[in-house]
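Subject: Structure handover

Hello,

I am passing on the structure we talked about. Please find it below, with my notes after it.

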Amino acid sequence: MRSYIKCFVLIVVSLCLYAPSAFAQHNVSKIEGSNRYEVAVNAAKRGWSTAPTVVLVGGEAYADALSAVPYAFQQGAPVLLTNTSSLSGATKSGLQQLKTKRVIILGGTASISQKVVAQLKAMNLSVSRIQGKNRYELAANVAKQMKSADTAVIVNGSAYADAVAIAPYAAKQGFPILLTDAKGLRQETANLLKSKAVKRTIVIGGETSVNQAAYQKLPSPVRISGANRYEVAVRIAKTYPMKTTQTYMSNGYAYADAAVAASTAAKQGQTLLLTDAQSVPDAIRRVIGSKKISTFTVLGGTSTIRTSVITQLKNHVLGETIFIDPGHGAQDAGAVGNGLFEKNVNLDVALKLQARLKQAGALTVMSRTSDTFDSLQTRVSKGSQAGADVFISIHANANDHSGANGTETYYDATYASANSLKLAQKVQPQMVKALGTRDRGVKTAGFYVIKYSKMPSILLETGFVTSPIDASILKSTTAKERLASGIAAGVSQYFE
Ligand SMILES: [Zn+2]
């Protein structure tokens, strides 16, 4: 802090109340498999102990798999997948384990060959097939076999990824999923809507997926769209809510997995959200944070869902918005000593902290990301506009005596006092541990940014730039990396 703030007489309350607690994590269970066929079998086993009827679709026939979900739900059946040319080994043993008697194939011989049918019959299974000249007619023919519903879901037959997140809801409601193409409303779909006297339609995707010409021909349409498949999934979750007590997550680009996840999610009445292989997308983080989702079933092989995603889902900071305020900047250097400018140390630590928190699953907002200056008022209002869950201001200390050294964390009792204290108590020991500095404890002081921020807020004094001991630590990139990891760990613990 600046020297005039340092003159503020601090009533030092060193509250060494920190007690390590058992590390409680979000609950994440996995449905895995060495390939999509095995993943589908394991997903079916999660929802069904036995499945007298199974709906079988081609492992590459993604649009068919999507249309299959509401139909399979009405049949009380899981959706399994197979190779086109011969019955996949995992599927064969899955059918045996599920004590299946009857298989309904969706799709023509191009997606499931007659050889597969022969193999199924050789297993003493009764086999029937619903097909169509193309995916549009197939979807309509599947819908014909369903009970009549006043509503249908309309998606682009080639851009169906957007639509997978609505499949559990459509299934639960008994709404068929029908297809259009880039040219407009397909005749197969128009005929079905008419013959089933559908009164309302839910269109998934923007105008590049389902164009205005098609839209205008639909009965009472409503459109759900977004900038990408993740945003669409989030809007679906908000507009057509399902339970979130065991939220399903699958890779937004692994279509077969996603359709299978939709089938099991539908059976359990649960929400389906989508993720990247490596990291949970921001839009998905936001809905997880706002709905306070803490229990997940992740569906996919290790190539479609990486360990990094599982780690994020387990972390309580997932979906929380952390405002990071690197103190000072530009003409305001802050404390100066031993060749260090506080503003630079603060920014360096803040950027590293941002990277750590993002990696952990948080959403981050910075007051500055380069050598610029904001007033204290602006910093507070930026935190408020960000709707931040916590506010963290990062500083380094100074003193006229070079012997003063150590790390301390401040909070203020004006707003969110108890939680600010709790946050301070989680972060302070992690900083000390990371830096190996003297523990000056958690203190209270009415510094502007923590006094006027209404959310839980803390101000970190990482070390004294005027102390040769602290300065050499703060000059070390490795020490700052450890510091950022420590602060991030403390923030995660706060949310547990
Ligand atoms: Zn400062």
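The notes below cover the domains, the contact between them, the salt bridges and two helices.

Please keep in mind that this is a predicted model.

Domains

The protein chain falls into two parts, domain 1 (36-314) and domain 2 (319-495). Taken over C-alpha atoms, the centres of domain 1 and domain 2 are 46 Å apart.

How many residues of each domain are in contact with the other? On the domain 1 side there are 5 residues, and they are in contact with 7 residues of domain 2. The size of an interface is often given as the accessible area lost when the parts come together. For domain 1 and domain 2 the buried area is about 510 Å², and carbon and sulfur atoms give 51% of that area. The rule finds 0 salt bridges across this interface. Polar contacts between domain 1 and domain 2 come to 3 residue pairs, with both residues at pLDDT 80 or more. On the side of domain 1 that touches domain 2, helix 12 (residues 282-290) gives the most, with 4 residues. By class, that side of domain 1 has 2 polar and 3 charged residues and no nonpolar ones.

Salt bridges

The count of salt bridges in the model is 16. One of them joins the side chains of Asp150 and Arg200, with an N to O distance of 3.9 Å. This pair links distant parts of the chain, 50 residues apart: Asp150 is in the loop between helix 6 (135-144) and strand 6 (151-156), while Arg200 is in strand 8 (residues 200-204).

Helices 16 and 19

Helix 16 (residues 417-435) has 19 residues, so at 1.5 Å a residue it should span 27 Å; its end C-alpha atoms are 27 Å apart, which agrees. Gly436, just after helix 16, takes a positive phi of about 70°.

Helix 19 (residues 477-495) also has 19 residues and therefore an expected span of 27 Å; the 28 Å between its end C-alpha atoms agrees. At the start of helix 19, a side-chain oxygen of Ser476 comes within 3.4 Å of the backbone nitrogen of Thr478.

Regards

Notes
Residues are numbered from 1 along each chain as its sequence is written. Side-chain values use heavy atoms; hydrogens and water are left out. Domain bounds come from an automatic or database domain assignment. Contact means heavy atoms within 4.5 Å. Buried area is the accessible area (1.4 Å probe) that two parts lose on being put together, summed over both. A salt bridge is a side-chain nitrogen of Lys or Arg within 4 Å of a carboxyl oxygen of Asp or Glu. A polar contact is a pair of N or O atoms within 3.5 Å; within protein, one must be able to donate a hydrogen and the other to accept it, and residues adjacent in sequence count only if both atoms are side-chain atoms. Helices (H or I, at least four residues) and strands (E, at least two) are DSSP runs, numbered from the N terminus. Ala, Val, Leu, Ile, Met, Phe, Trp, Tyr, Cys and Pro count as nonpolar, Asp, Glu, Lys and Arg as charged, and the others, Gly among them, as polar. The expected span of a helix is 1.5 Å times one less than its number of residues.
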